[in-house]
Every structure is written in C-alpha cells, then in structure tokens.
Amino acid sequence: MQIRKGKPEDVSAALQLIKELAEFEKAPEQVTNTEAQMLEDGFGKNPVFRMLVAETEEGIIGIAIYFLKYSTWKGKGIYLDDIVVNEKFRGQGVGKKLFEAVKAEAIEEGCKQLHWQVLDWNEKAIHFYKKLNSEFDAEWINCKLHFN
C-alpha cells in the first residue's frame, strides 16, 4: 500500500468512499456532492481541499480530505474533514497511515494544530484517536448554517 497525494482521476473513487461513509453514518441521502464539484473544488482554479489516497493493486482503498484553516490565536492549521477506509480494509492500519500522512503535511507546512471531529457514537474511531493521544474537547459547541 502507498499513500500519495490525490489526483483528479481519483475523484470518482473518492466520492464512492464518501458515499460508503454516509451509509455507515446512516445518512446516505445527505451526500449531495458530485464528481464535477469535487474536481472543481479540489483541482480547479482555486482549490479549497486537499486529498491523500491509500492505494493498493486493488485500487484506492482509503482517502483523507483536509484543508488549511486559520486560528487567530495559534496561526495556520489543518482541518481533517474525513478519513474514509473501504470497509474490507478497515482494521489493517490504513486509517492510521492516512492520519500520519496528514499530520506530516501539517508539520511540513508549519501548521500549529490539526483539528477534526468524531461522532460521539463512533466508538471505534474514538478509540483510534485516543490511541494517538488526541485531545478531546467537550467545551466547544459545533455550529453551522446550511445554504441550500
């Protein structure tokens, strides 16, 4: 298995993994993103996300989607939006390798923090992040607005 930067031709496989994640999270109807939108958003004139892929001879088996963020108190950081590993390959260290690759990108870019979220019921993911000595923050409340 190799971890590498995503390319436009990886978008189709990435979107399939995103849909697989939505099924796991019992919200498949909430995925409205398209390949065309991901191509524009990740590889167009003004990319807003980056992607790493985990690839074997079987193809792309995992992805990490992330983007730069900024903290007025700490400076530059990375927000890890999702790590998705094909169900067949979970428990084999793919997620850890993707996480470590994003962490390495953050350090290489001089980022001060790496942020992400985990659903409170996703015990396997919580356990995974605890093994990495992650800090869990119950003080902050997530907020969002929807525009469609």
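I take helices to be DSSP runs of H or I, at least four residues long, numbered from the N terminus. With that settled, I looked up Leu132 and placed it in the segment after helix 4. The model is predicted.

**Entry 1: Leu132**

I checked its exposure. Leu132 has a relative accessible area of 23%, so it is partly exposed. I then listed its contacts, setting aside neighbours within four places in sequence. Leu132 touches Lys96, Phe99 and Glu100. I followed up on Glu100. Its C-alpha atom is 9.8 Å from that of Leu132, and the two residues are 32 apart along the chain.

**Entry 2: aromatic pairs**

I counted ring pairs and got 8 aromatic pairs. I opened Phe43 and Phe49 and found an edge-to-face pair, with 6.4 Å between centres and 80° between planes. The angle is over 60, so the edge-to-face label applies. I compared burial with the cut-off of 20% in mind. Phe49 is at 11% relative accessibility, so it counts as buried. Phe43 is at 29%, so it counts as partly exposed.

I went on to Trp116 and Tyr129. This pair is tilted, at 5.0 Å centre to centre and 45° between the planes. It links distant parts of the chain, 13 residues apart. Trp116 lies in the loop between strand 5 (113–115) and helix 4 (123–131), while Tyr129 is in helix 4. Tyr129 is buried because its relative accessibility is 9%. Trp116 is partly exposed, with a relative accessible area of 22%.

I traced the ring pairs further. They join Phe99, Trp116, Phe128 and Tyr129 into a cluster. Phe99 is also one of the contacts of Leu132.

**Entry 3: charges over rings**

I looked for charged ends over ring faces. Lys26 lies over the face of Trp121, 5.6 Å from the ring centre. Arg90 has its charged end over the ring of Phe24, at 5.4 Å from the centre.

**Entry 4: nonpolar cores**

I pulled up the largest nonpolar core, which has 20 residues. Leu52, Ala64, Leu80, Ile83, Val94, Leu98 and Val102 touch the most other members. Strand 2 (50–56), strand 3 (59–71), strand 4 (75–85), helix 3 (94–108) and helix 4 each give two or more residues. Helix 3 gives the most, with 6 residues.

I picked out Leu80 for its contacts, again without neighbours within four places in sequence. Leu80 is in contact with Ala64, Ile65, Tyr66, Phe99, Val102, Leu114, His115 and Trp116. Phe99 and Trp116 belong to the ring cluster as well.

Apart from the largest core lies another, of 14 residues. Its members include Leu15, Phe49, Met51 and Val84.

Conventions. Residues numbered from 1 in each chain as written. Predicted model: local features only at pLDDT ≥ 70, side-chain atom pairs only at ≥ 80, totals over all residues. Heavy atoms only, no water. Phe/Tyr/Trp six-rings, centres within 6.5 Å; stacked < 30°, edge-to-face > 60°. Buried < 20%, exposed > 50% of the residue type's maximum accessible area, 1.4 Å probe, protein only. Lys NZ or Arg CZ within 6 Å of the ring centre and 35° of its normal. Contact = heavy atoms within 4.5 Å. Core = buried A, V, L, I, M, F, W, Y, C linked by side-chain atoms within 4.5 Å.
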